[in-house]
Amino acid sequence: MNIRKRIFIYGMIIFLYIAAGIGAQDSVVDLSQLDLDSVDFSDARLSIAGPGTFVIRSVLMDGTRYSVIFRNIGGNWVVSELVPESDSPLLPANVVLDFATVSITEDGLSIDGIIIDGESYSTTLAISDDSVVLPGTLSAGKLTGASLSRVTDDAGLYSVDDVSALSASQAALGERNSALAAQVGDLSEEISVLRQENLRLVEQVGQLLTEKANLDAEVDSLQEELALLESSSGAGEPTVESDEAADAADSELLRQRIEVLLDKIAILEDRIVELEEALEIAESRENAGTEAVSETPAETESTGGTMASEGEVSGYLRRIGELEAMVSDLRVENARLSAERAQIQQEVRSALFAEGYIAAISDELSEVRQQGFSMAETQIGTWSLESGVLAQTDPEEFFAKSELPMPQDARPTLYSFDARSRGAGWVGFGIHIFADGVEKRGYGYGESLLLWFTRDVRGYGTDRTYLELYRSSDDINMARVMSAAITDDISEWMDIQLLYEPEAEYITVAVNGEEKIRYKTWFGIEWGVDLALRTLDVAEFRNLEVRSTPGPIDWPE
């Protein structure tokens, strides 16, 4: 998603949220009542509202939750509005907007892929020249707005080409399955025709057998009559010559009739044999459990005809067997691809909603750029390295720094290390990244970004651990851009992961496996020549590792 579209989406969603909050309250709170010392950011959620505005939601002050709106005025971030949150805000705090999409429809501006509690929602804003009409409800949407490939590409789990190839393969298999299903339907229809033909042949054979039986009976009767005539003519002297001639004529007629009937019986027997052979072939094709052949054998007429040869029948059966095997293989492959796609979706859900963004792209950052503290050099403070633990041991040092040279470019970079504070009272430790232009020993550290953990009772009014992010402009000037309370104890070892994506300008921080912030920097820092660990009071570091995507350093022109 490009930056302009992302900003617009965030602006729309935050507009919905703030509009819902204001609609539930009578007025905006007086900013003069804001006391940052009593603010609890432990459940706060950050949302970008545009290049000059951001919102921190679920900020607890005196038992009431507020949305705090910050605006960039004259180069400084100032609180411009403090909006009480209603008991049932339009959007809950755990909303993910990274994969939302925007499109223009006939009904207005459609926003899809708003992820809340792992489920996807959509809404449509009706926009006119002078107003925006809110629907008041969210509808079920797609998991990732437009397509799964956007999530897999953005999260770095699978390439768009892989997902596109999988989708294309499934589409091709679907077409082939549809074509084969149609062909199987045609063959099934031919089976029905063959079964009807079988019934017709069985009936015809039965009729011929009955006719043959009748003819056999008639022949037997005629032969008996002929035998009687012949026996009577030879039993005595004929009385008159005319009677003898009449008997001879009758005998000859009977012989001719018998010969005609025998010829007819022979024809019937041949026809019965032919039909029985055709019936046996048809039944063998049906009983073999095959779909019918692509070409129906010529129908045998009552006057005689041709049936499919045994070779043709074998060819039909072999072709049907091949088609059945192909359909079976395609069904298995289709089931495998469907299961694979479901697995990809499950992995994407699991990586994004359970493990977090860092875990989702960690495997892509396979090149180790820095490991351990062997290259560390002291700039300020008293530092020592023993058994893999780098310690700053001067409790009176406020700006202690240990430098590590390391070129850093526009590729995503993941910094992992363990750290803890060993001091009492006001303490802190952190890491400067993408540093350049370091000349003096001061509060800042050249041009860089600083992730800082602190316990500051005087500043925050509590002894909880706070996570802070700073933008260092030079060795003297450094400005805090955000802070939030976390539940982790700064005096215990904390497993810290810091992911910086220079091109997207996002920082993501996880502590002890839980992602705490994902922050849009807007700072435009795309390269640096070293990094530094810093402490306030005594602190220790171990297990430092820096990883990025593979490839040579790509310095800007």
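**Exercise 1. Count the secondary-structure elements of this predicted model.**

Solution. The protein has seven helices. Its strands number 26.

**Exercise 2. State what share of the residues is buried, and what share of the contacts joins residues at least 24 apart.**

Solution. Start with burial. The chain has 557 residues, and 42% of them count as buried. Next, take contacts between residues at least 6 apart in sequence. Of these, 65% join residues at least 24 apart. Finally, the accessible surface: about 28800 Å², with 49% belonging to carbon and sulfur atoms.

**Exercise 3. Find the largest nonpolar core and the strand that gives the most to it.**

Solution. The largest core holds 51 residues. Y415, F429, I431, F453 and V509 have the most contacts inside it. Strand β18, residues 427–436, gives the most, with five residues. A second core is separate: its 13 residues include L201, V219, I258 and L275.

**Exercise 4. List the residues that V509 touches, leaving out those up to four places away in sequence.**

Solution. Go along the chain. V509 touches I358, L451, F453 and L467, among others. Further contacts of V509 include Q497 and L498. Then come E514, E515, K516 and I517.

**Exercise 5. Locate F399, then decide whether F399 is buried, partly exposed or exposed.**

Solution. First, the position: F399 sits in the loop between β15 (389–392) and β16 (400–408). Second, the class. Relative accessibility is 34% for F399. Buried needs under 20%, and exposed needs over 50%. F399 therefore counts as partly exposed. Third, the neighbourhood: F399 forms a nonpolar surface patch with F398, W426 and Y443. Together these four have about 400 Å² of accessible area.

Methods
Residues are numbered from 1 along each chain as its sequence is written. This is a predicted model: local features need pLDDT of at least 70, side-chain atom pairs count only at pLDDT 80 or more; totals for chains, interfaces and linings use all residues. Side-chain values use heavy atoms; hydrogens and water are left out. Helices (H or I, at least four residues) and strands (E, at least two) are DSSP runs, numbered from the N terminus. Buried means under 20% relative accessible area, exposed over 50%, partly exposed in between (1.4 Å probe, protein chains only). Contact means heavy atoms within 4.5 Å. Accessible areas come from the Shrake-Rupley method with a 1.4 Å probe; for residues, only the protein chains shown count as cover. A nonpolar core is a set of buried Ala, Val, Leu, Ile, Met, Phe, Trp, Tyr and Cys residues joined through side-chain atoms within 4.5 Å. Patches are made of residues with over 30% relative accessible area and no salt bridge: like charges are joined within 9 Å, nonpolar side chains (Val, Leu, Ile, Met, Phe, Trp, Tyr) within 5 Å. A salt bridge is a side-chain nitrogen of Lys or Arg within 4 Å of a carboxyl oxygen of Asp or Glu.
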